[in-house]
Structure formats: C-alpha cells, structure tokens
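Me: I've just opened this one and don't know my way around yet. Can you walk me through what's there?
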Amino acid sequence: PDPAMLPALLITTACAAWHGQAAGFYPGVVESQGPKRIDTWIVIDPDDRLSGRYVLHEPTRDVPGTLEAMADDSCNAAVFRWTDLYGTGLVRLQFQTADHCFDGTWGLAEPNPALEWHTCFRPPVTS
C-alpha cells in the first residue's frame with residue numbers, strides 16, 4: 001500500500017469492529033430550513049464499509065436519499081457522501097453505539113456545525 005495511506009488504513013482496521021454495532025434504523029431530526037424528522041438506515045457493505053439511506057420528512061412530501069461511505073473519521077465516527085434531489089454533500093456522523101444513536105453535522109462542501117443531524121435525544125437541562 002501507499003505509505004501515505006497507512007494512517008487511514010490503521011484507523012480503518014482498528015475501528016472496523018464498531019461497524020456492526022452502528023448498523024440499524026435511526027429515527028431522528030435534521031436541521032434543513034428548520035428542524036425536520038428524518039429516518040436513517042445504516043448498513044454494512046460486503047467490503048465492511050458503512051453506507052445507508054434516509055428519508056427526509058418534509059411537510060408536503062418525503063425526500064429519499066443515500067449515504068455513501070467515504071471514510072472512518074475516527075473510531076465510532078464516519079464521513080458519508082449524501083445524495084438526494086437537492087444535490088450532494090458530506091455528513092459526519094459520530095455514533096454512540098452503546099446507546100444506538102448518533103450526532104452529526106452535514107453540508108455541501110463540508111459538514112457545517114449549524115446543520116445538525118441527530119438521533120440522540122436528551123432531556124432539556126433545567127436548573
């Protein structure tokens with residue numbers, strides 16, 4: 001292998017064990033011109049990479065999309081290329097496999113911290 005690829009290969013090899021725990025169905029919320037419900041399905045490809053699909057629930061229609069694996073960003077985090085009728089871009093999902101949820105950000109050229117995509121519901125903090 002190309003020596004420049006070794007760090008990425010080592011991360012992928014060391015982290016691959018978490019992929020099976022990340023696979024599954026995730027109902028959640030995405031920020032897309034206001035918060036919208038989104039259903040996300042994550043699967044493991046035959047080559048042990050994560051991929052998936054989603055359905056964005058808009059007020060007047062459902063918008064299906066796909067998630068193509070780009071790379072593991074770290075253990076329990078992956079970057080995907082999303083594609084739907086609005087275009088294509090990148091999303092980074094950080095999985096909490098013990099809780100079966102994820103927190104993520106998405107955007108066009110790169111994930112935007114203001115555009116959240118999450119399934120980890122936490123009660124509001126009250127003082």
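Reply: Sure. One thing before anything else: this is a predicted model. Let's begin with charged pairs. The structure holds two salt bridges.

Me: Which side chains meet at 3.1 Å, N to O, in a salt bridge?

Reply: Those of Arg61 and Glu58. Arg61 is partly exposed, at 39% relative accessibility. Glu58 is buried, because its relative accessible area of 16% is under 20%.

Me: Why would side chains like that pair up at all?

Reply: Side chains of opposite charge can pair when their charged atoms come close.

Me: And what does Asp73 form a salt bridge with?

Reply: With Arg92. The closest N and O atoms there are 2.3 Å apart. Asp73 belongs to strand 4 (residues 62–74) and Arg92 to strand 6 (residues 87–96), so this pair ties together parts that are 19 residues apart in sequence.

Me: Are Asp73 and Arg92 buried or exposed?

Reply: In between. Asp73 is partly exposed, with a relative accessible area of 37%. Arg92 is partly exposed too, at 25%.

Me: Let me back up. How many helices and strands does the protein chain have?

Reply: Two helices and eight strands. The pattern along the sequence is α-α-β-β-β-β-β-β-β-β. So the helices come ahead of the strands in that reading.

Me: How much of the chain is buried?

Reply: Of its 127 residues, 36% count as buried.

Me: What about contacts between distant parts of the sequence?

Reply: Take contacts between residues at least 6 apart in sequence. Of these, 31% join residues at least 24 apart.

Me: OK, pockets. What volume does the largest pocket have?

Reply: About 280 Å³. The lining has 14 residues. Ser32, Leu56, Asp84, Tyr86 and Trp106 lie nearest the centre of the pocket.

Me: Which strands supply at least two residues of that lining?

Reply: Strand 2 (35–44), strand 3 (50–57) and strand 5 (77–84) each do.

Me: How does the lining divide by residue type?

Reply: Nine residues are nonpolar, two are polar and three are charged.

Me: Since strand 2 came up, give me a residue in there to look at.

Reply: Try Thr40, which is found in strand 2. Thr40 counts as buried, at 0% relative accessibility.

Me: What does the side chain of Thr40 make a polar contact with?

Reply: The side chain of Trp117, at 3.3 Å.

Me: What else is Thr40 in contact with?

Reply: Leave aside neighbours within four places in sequence. Thr40 is then in contact with Gly24, Phe25, Tyr26, Arg53, Tyr54, Leu67 and Phe102, along with Trp117.

Me: Is there another residue that touches Trp117?

Reply: Gly104 does. Not counting residues up to four places away in sequence, Gly104 also touches Arg92, Leu93, Leu115 and Glu116. That is the Arg92 of the salt bridge with Asp73.

Me: Where is Gly104, and is it buried or exposed?

Reply: Gly104 is found in strand 7. It counts as buried, at 9% relative accessibility. The C-alpha atoms of Gly104 and Ala78 are separated by 9.5 Å, and the two residues are 26 apart along the chain.

Me: Switching to the backbone. What sign does phi have in most residues?

Reply: Most residues other than glycine have a negative phi. Gln33 has a positive one, near 55°. Asn76 also has a positive phi, of about 70°, and is not a glycine.

Me: Where do Gln33 and Asn76 sit?

Reply: In loops. Gln33 is in the loop between strand 1 (24–31) and strand 2. Asn76 is in the loop between strand 4 and strand 5.

Me: Are those two buried or exposed?

Reply: Gln33 is exposed, with a relative accessible area of 81%. Asn76 is partly exposed, at 24%.

Me: One more loop. What about the stretch between strand 6 and strand 7?

Reply: Look at Asp99, which has its place in that loop. Asp99 counts as exposed, because its 61% relative accessibility is over 50%.

Me: How far apart are Asp99 and Cys120?

Reply: They are 21 residues apart in sequence. In space, C-alpha to C-alpha, Asp99 and Cys120 are 8.2 Å apart.

Terms used: Residues are numbered from 1 along each chain as its sequence is written. This is a predicted model: local features need pLDDT of at least 70, side-chain atom pairs count only at pLDDT 80 or more; totals for chains, interfaces and linings use all residues. Side-chain values use heavy atoms; hydrogens and water are left out. On a 1 Å grid over the protein atoms alone, a cavity is a set of points where a 1.4 Å probe fits but cannot get out, and a pocket is an open set with protein on both sides within 12 Å along at least five of seven lines; lining residues have an atom within 4 Å of a point. Grid points are joined across faces, edges and corners, and a volume is the space filled by probe spheres set on the points. Helices (H or I, at least four residues) and strands (E, at least two) are DSSP runs, numbered from the N terminus. Ala, Val, Leu, Ile, Met, Phe, Trp, Tyr, Cys and Pro count as nonpolar, Asp, Glu, Lys and Arg as charged, and the others, Gly among them, as polar. A salt bridge is a side-chain nitrogen of Lys or Arg within 4 Å of a carboxyl oxygen of Asp or Glu. Buried means under 20% relative accessible area, exposed over 50%, partly exposed in between (1.4 Å probe, protein chains only). A polar contact is a pair of N or O atoms within 3.5 Å; within protein, one must be able to donate a hydrogen and the other to accept it, and residues adjacent in sequence count only if both atoms are side-chain atoms. Contact means heavy atoms within 4.5 Å.
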